[in-house]
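Biologist: Could you take me through this structure feature by feature, giving the general idea of each reading before the particular case?

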Amino acid sequence: MNLPILNTTDLADLVDFKLHQRTPLWFYILREAEVKENGERLGPVSGRIIAEVFLGLLQGDSMSYLRQDPRWIPTLPSAVEGTFRMADLLRFAGVVAPL
């Protein structure tokens, strides 16, 4: 993935279980979020995995926009002209209070 990984010290408590070098993915994801993001969001490895799963689902769905028109670009009013961010979509859907 070419992403930064956890330091061995971040997994030191797993040495007794011999899991510090072969950490189960679910545990690694939780520890990565705890260490790199203070437990508030996903870390880089788990975020990449989730993003790739979503993209794979969209590419595999013959009815998805991505499959119907791969060059389609979403357009919504944005704070920055010519960009589209997830916050724009959430604001448009009315699920985020304005700042």
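Biologist: Which backbone atom lies 3.2 Å from a polar atom of the side chain of Ser-46?

Modeller: In this predicted model, the atom in question is the backbone nitrogen of Gly-43, which lies 3.2 Å from a polar atom of the Ser-46 side chain. Ser-46 itself is placed in helix α2, which covers residues 44–60, and a second polar contact, of 3.1 Å, joins its side chain to that of Glu-32.

Biologist: Is Ser-46 buried or exposed, and which residues does it touch beyond those up to four places away in sequence?

Modeller: A residue is called buried when its relative accessible area is under 20%; Ser-46, with a relative accessible area of 1%, is therefore buried. Once residues up to four places away in sequence are set aside, Ser-46 touches Ile-29 and Glu-32.

Biologist: How many salt bridges does the structure hold, and how should I read the ones that involve Arg-31?

Modeller: The reading rests on a side-chain nitrogen of Lys or Arg lying within 4 Å of a carboxyl oxygen of Asp or Glu, and the structure holds five such salt bridges. One of them pairs Arg-31 with Asp-13, with the closest N and O atoms 2.9 Å apart. Because Arg-31 lies in helix α1 and Asp-13 in the segment before α1, this pair ties together parts that are 18 residues apart in sequence. Arg-31 also forms a salt bridge with Glu-34, where the closest N and O atoms are 3.5 Å apart; here both residues lie in helix α1, three residues apart, which is about one turn of the helix.

Biologist: What else surrounds Arg-31, and is it buried or exposed?

Modeller: Arg-31 counts as buried because its relative accessibility is 12%, whereas its partner Asp-13, at 44%, counts as partly exposed. A polar atom of the Arg-31 side chain lies 2.6 Å from the backbone oxygen of Asp-10, and, leaving aside neighbours within four places in sequence, Arg-31 is in contact with Leu-6, Asp-10, Leu-11 and Asp-13.

Biologist: Where else is there a salt bridge between side chains, for instance one involving Arg-41?

Modeller: The side chains of Arg-41 and Glu-37 meet in a salt bridge with an N to O distance of 3.3 Å. Arg-41 is partly exposed, at a relative accessible area of 48%, and Glu-37 is also partly exposed, at 23%. As for a network, salt bridges that share partners join Asp-13, Arg-31 and Glu-34 into one.

Biologist: How many aromatic pairs does a search of the whole structure find, and how is such a pair described?

Modeller: A pair of aromatic rings is described by the distance of the centres and the angle of the planes. The search of the whole structure finds one aromatic pair. The ring centres of Trp-26 and Phe-27 are 5.8 Å apart and their planes stand at 80°, so the pair is edge-to-face. Trp-26 counts as exposed, because its relative accessibility is 60%.

Biologist: Which residues make the nonpolar surface patch?

Modeller: The patch, of about 650 Å², is made by Phe-84, Met-86, Leu-89, Leu-90, Phe-92, Val-95 and Val-96. Of these, Val-95 is found in the segment after α4, the helix of residues 86–93, and counts as exposed because its relative accessibility is 57%. By contrast, Asp-88, which lies in helix α4, is buried, with a relative accessible area of 5%, and a polar contact of 3.3 Å joins its side chain to that of Arg-91.

Methods: Residues numbered from 1 in each chain as written. Predicted model: local features only at pLDDT ≥ 70, side-chain atom pairs only at ≥ 80, totals over all residues. Heavy atoms only, no water. Patch = residues over 30% accessible without salt bridge, like charges linked within 9 Å, V, L, I, M, F, W, Y side chains within 5 Å. Areas by Shrake-Rupley, 256 points an atom, 1.4 Å probe, with all protein chains shown as cover. Helix = DSSP H or I, 4+ residues; strand = E, 2+ residues; numbered from the N terminus. Buried < 20%, exposed > 50% of the residue type's maximum accessible area, 1.4 Å probe, protein only. Phe/Tyr/Trp six-rings, centres within 6.5 Å; stacked < 30°, edge-to-face > 60°. Polar contact = N/O pair within 3.5 Å; in protein donor to acceptor, adjacent residues only side chain to side chain. Contact = heavy atoms within 4.5 Å.
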